Amino acid sequence: MLKWGDLVINKSFFISIEGIDGAGKSTLKEYLVDYLNSDKVICVREPGGTDISEKIRELLLDVKNEKILPKTEAMLYASARTQLVEEVIRPALQAGFIVIADRYIDSTIAYQGYARGLDIAYLHQLNALSSNGLKPNLTLLLDLDPNIGQERKILLKPDRLEKEGIIFQEKVREGYLELAHLEPERIKVLDASLPRDVVAANGVDLVRAFL
Ligand code: TYD
């Protein structure tokens, strides 16, 4: 079977993977990297991926930080993103890499908008500001019932967001689906309740169609 690594990948491409906690983003990412089989692939995660962004990540996910207000939270995610975009993602794309991001702008709309209840229009502006308008070419949305997500991801030490519970995750899911409805060209929905290798194969097919 021809692997993409056997093909000459010489164009930059930006893929983000989104979904509720426990939807299987990491598995899909690993599968994509394996299939692409190229040294011109870079993986990043949000929040994180630069020294500053990793420090912001610690702040955001620390269960002790109960006092973080939703607006503070949104701006911290945005700050972490700005550093990641300018230090890593944009230079990589300019150098012709394929960038795979585990979460990006849509997480802010789903989590801080639909689940936390912040104004969605403001958050779109914040996303535009934090990313300086850089959108993924393709977003793979792993859609999953949060009850299944919770069963799959048995958390010994849930982080601050993971502690929010099922109702929160349901709102996140609803937000994602709404976004996919609004931007069907970019955001492709994958049924994440299927076996993981089937989900991953479906994701690979979508990426191949785009490349
Ligand atoms: P992480 O441990 O990376 O979660 P996961 O493995 O599920 O991706 O933690 C990231 C958390 O941050 C996750 O619960 C989603 C949340 N998040 C937001 O609320 N807003 C955002 O803009 C981003 C990027 C993430």
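Which of the 17 residues around the ligand come nearest? Here are some notes to help you find your way around the model, which is a predicted one.

1. **The nearest neighbours.** The residues that come nearest to the ligand are Asp21, Lys25, Tyr77, Thr108 and Gln112, out of 17 around it. Try picking out these five side chains in the viewer before reading on.

2. **Polar partners of the ligand.** Three side chains are good places to begin. Lys25 has a polar side-chain atom 2.6 Å from an oxygen atom of the ligand. For Arg103, an N or O atom of the side chain is 2.8 Å from a ligand oxygen, and for Arg57 the corresponding distance is 3.0 Å. On its own the ligand has 540 Å² of accessible area, and the protein covers 92% of that.

3. **Where the ligand sits.** If you look for the largest pocket, you will find the ligand there. Three elements each give two or more residues to the shell around the ligand: helix 2 (51–61), helix 3 (70–94) and helix 4 (105–115). Helix 4 provides the largest share, with four residues.

4. **What kinds of residue surround it.** How many residues of the shell around the ligand are nonpolar, polar and charged? Sorted by class, the shell has nine charged residues, five nonpolar ones and three polar ones. Keep this in mind when you colour the shell by residue type.

5. **Asp21, close in space to a distant part of the chain.** Asp21, one of the residues that come nearest to the ligand, is found in the loop between strand 1 (13–19) and helix 1. Is Asp21 buried or exposed? Its relative accessibility is 18%, so it counts as buried, the cut-off being under 20%. Asp21 and Gln150 are 129 residues apart in sequence, yet their C-alpha atoms are 7.9 Å apart in space.

6. **Arg103, a residue to look at twice.** Besides the ligand contact described above, Arg103 has a positive phi of about 80 degrees, although it is not a glycine. Arg103 lies in the loop between strand 3 (98–102) and helix 4. With a relative accessibility of 11%, Arg103 counts as buried.

7. **Ser107, a partner of Arg103.** The side chains of Ser107 and Arg103 are joined by a polar contact of 3.1 Å. Ser107 is found in helix 4. Its relative accessible area is 9%, so Ser107 is buried under the 20% cut-off.

8. **Asn37, another positive phi.** Asn37 is not a glycine, but it has a positive phi of about 45 degrees. You can find Asn37 in the loop between helix 1 (25–36) and strand 2. At 45% relative accessibility, Asn37 counts as partly exposed.

9. **A cis peptide bond.** Which two residues does a cis peptide bond join? The bond is between Glu46 and Pro47, with omega at about -10 degrees. Pro47 belongs to the loop between strand 2 (41–45) and helix 2.

10. **Ala80, for contrast.** Ala80 is found in helix 3. With 0% relative accessibility, Ala80 counts as buried. Ala80 and Glu151 are 71 residues apart in sequence, and their C-alpha atoms are 30 Å apart in space. Set this beside the pair in point 5, where Asp21 and Gln150 are 129 residues apart in sequence and 7.9 Å apart from C-alpha to C-alpha.

Note on methods:
Residues are numbered from 1 along each chain as its sequence is written. This is a predicted model: local features need pLDDT of at least 70, side-chain atom pairs count only at pLDDT 80 or more; totals for chains, interfaces and linings use all residues. Side-chain values use heavy atoms; hydrogens and water are left out. A residue is near a molecule or strand if one of its heavy atoms lies within 4 Å of it. A polar contact is a pair of N or O atoms within 3.5 Å; within protein, one must be able to donate a hydrogen and the other to accept it, and residues adjacent in sequence count only if both atoms are side-chain atoms. Accessible areas come from the Shrake-Rupley method with a 1.4 Å probe; for residues, only the protein chains shown count as cover. On a 1 Å grid over the protein atoms alone, a cavity is a set of points where a 1.4 Å probe fits but cannot get out, and a pocket is an open set with protein on both sides within 12 Å along at least five of seven lines; lining residues have an atom within 4 Å of a point. A molecule sits in a cavity or pocket if more than half of its atoms lie within 2 Å of its grid points. Ala, Val, Leu, Ile, Met, Phe, Trp, Tyr, Cys and Pro count as nonpolar, Asp, Glu, Lys and Arg as charged, and the others, Gly among them, as polar. Buried means under 20% relative accessible area, exposed over 50%, partly exposed in between (1.4 Å probe, protein chains only).
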